Each structure stands twice: as structure tokens, then as C-alpha cells.
Amino acid sequence: MASLSPEEENFVRLNLLLTGISPRAVRTLFDYEFAPVCLDATLKKEFNKLRDLQKKRVINQSQWNLLTPRFPDSPDSKNFDVTLMSLLLRNLTTIAPPHGGYDNLPSSSETTPAADLARIKYYRNVLAHLDDGNIQNTEFSAAWDDITGVSSI
């Protein structure tokens with residue numbers, strides 16, 4: 001097997017950080033905002049808002065099925081991915097969005113939970129749109145420092 005170039009290693013490391021570790025950080029915040037024992041009741045209380053998000057195609061059918069499982073099952077954050085948890089945190093809590101919104105990379109001085117969610121979203125999107133699976137060392141260092149600094153979640 002051929003060895004990876006440093007740029008390919010950077011891609012793999014950042015990918016592992018964003019797919020293996022950051023979901024746990026997001027889930028910690030999610031479970032703090034939506035206590036697991038109350039999740040089902042909270043989602044039922046917010047049913048109309050969730051239905052509106054589904055009608056606007058913000059929530060897809062697969063996500064809807066996780067939010068509204070058939071009896072006797074109940075929703076469980078362990079089954080939610082980062083996208084769904086972030087969507088619910090953005091739309092069902094009073095967490096104020098970062099200054100530049102959720103679609104832009106927040107400044108490193110912005111250390112709110114919302115800014116941390118935006119950072120994770122930003123870098124996941126960067127990885128998803130890389131064609132060659134390479135990240136230069138300077139870009140990797142900046143991204144790594146930015147993501148691992150996500151401490152307020």
C-alpha cells in the first residue's frame with residue numbers, strides 16, 4: 001500500500017476530527033439543551049415548528065422519521081447526526097447565532113456555543129467540497145487549531 005502524502009494525511013486527520021470527535025461535542029451541547037429524558041416531550045411541544053421546517057424542506061424525511069419514531073420507540077439523540085442536532089439547536093433553542101451567522105466561519109475571538117457549531121459546519125463543508133483529498137499544512141494547522149479550540153460546547 002502506498003503511503004499518504006503530508007497533504008493527504010492532513011485531510012484524513014481533519015476528517016477524523018470532524019466525523020469522530022466533533023459529533024460528541026455537538027451531542028453534549030444538544031443533550032444539555034434537550035435533556036434526554038425530556039426530548040420526546042420537547043419535540044412534541046415543538047411539533048408545529050418542526051412540521052413547518054419539514055414543509056420548507058429544512059428537515060428531510062429521514063430526519064423526520066428520527067424525530068417522530070413509531071410507538072413504542074422514542075427519539076434519541078444517539079441516533080441524530082451533527083446536521084440534525086445543529087438544525088434543532090438553531091431552530092428550537094434561544095442560542096443566539098454567531099455574529100456572521102451559521103454559514104460563515106466565526107472569528108477566533110467568538111467562543112460561544114453557536115460560534116462553535118458554525119465552525120464545525122464550516123469545516124465539514126470545506127472537507128465535503130475538496131476534490132483531491134489534500135489539505136496544505138498551513139490550512140490544516142489553522143483549521144485544526146480552530147476546531148480543537150471548540151471548548152464552549
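**Leu 16.** I started with Leu 16 in this predicted model and asked whether Leu 16 is buried or exposed. Leu 16 has a relative accessible area of 54%, and the cut-off for exposed is over 50%, so I noted Leu 16 as exposed. I found this residue in helix H1.

**The surface patch.** Next I looked up which residues join Leu 16 in a nonpolar patch on the surface. Leu 4 and Val 12 are its partners there, and together the three have about 260 Å² of accessible area.

**Helix H5.** Then I turned to H5, which spans residues 82-92. I counted 8 of its 11 residues as buried, so the helix is largely enclosed by the rest of the structure. My list of the buried ones reads Val 82, Leu 84, Met 85, Ser 86, Leu 87, Leu 88, Leu 89 and Leu 92. What do these buried residues pack against? I found five helices: H1 (6-33), H2 (39-45), H3 (47-55), H4 (61-67) and H6 (113-128).

**The cores.** I went on to the largest nonpolar core, which holds 25 residues. Those touching the most other members are Phe 30, Leu 50, Leu 67, Phe 80, Leu 88 and Leu 89. Helices H1 through H6 each give two or more residues to this core, and H5 gives the most, with 7.

I picked Phe 80 for a closer look. Leaving out residues up to four places away in sequence, I saw that Phe 80 touches Arg 27, Phe 30, Leu 39, Leu 66, Leu 67, Pro 75, Met 85 and Leu 88.

Last, I noted a second, separate core of 9 residues, including Leu 14, Tyr 123, Leu 127 and Ala 143.

Key:
Residues numbered from 1 in each chain as written. Predicted model: local features only at pLDDT ≥ 70, side-chain atom pairs only at ≥ 80, totals over all residues. Heavy atoms only, no water. Buried < 20%, exposed > 50% of the residue type's maximum accessible area, 1.4 Å probe, protein only. Helix = DSSP H or I, 4+ residues; strand = E, 2+ residues; numbered from the N terminus. Contact = heavy atoms within 4.5 Å. Core = buried A, V, L, I, M, F, W, Y, C linked by side-chain atoms within 4.5 Å. Patch = residues over 30% accessible without salt bridge, like charges linked within 9 Å, V, L, I, M, F, W, Y side chains within 5 Å. Areas by Shrake-Rupley, 256 points an atom, 1.4 Å probe, with all protein chains shown as cover. Salt bridge = Lys/Arg side-chain N within 4 Å of Asp/Glu carboxyl O.
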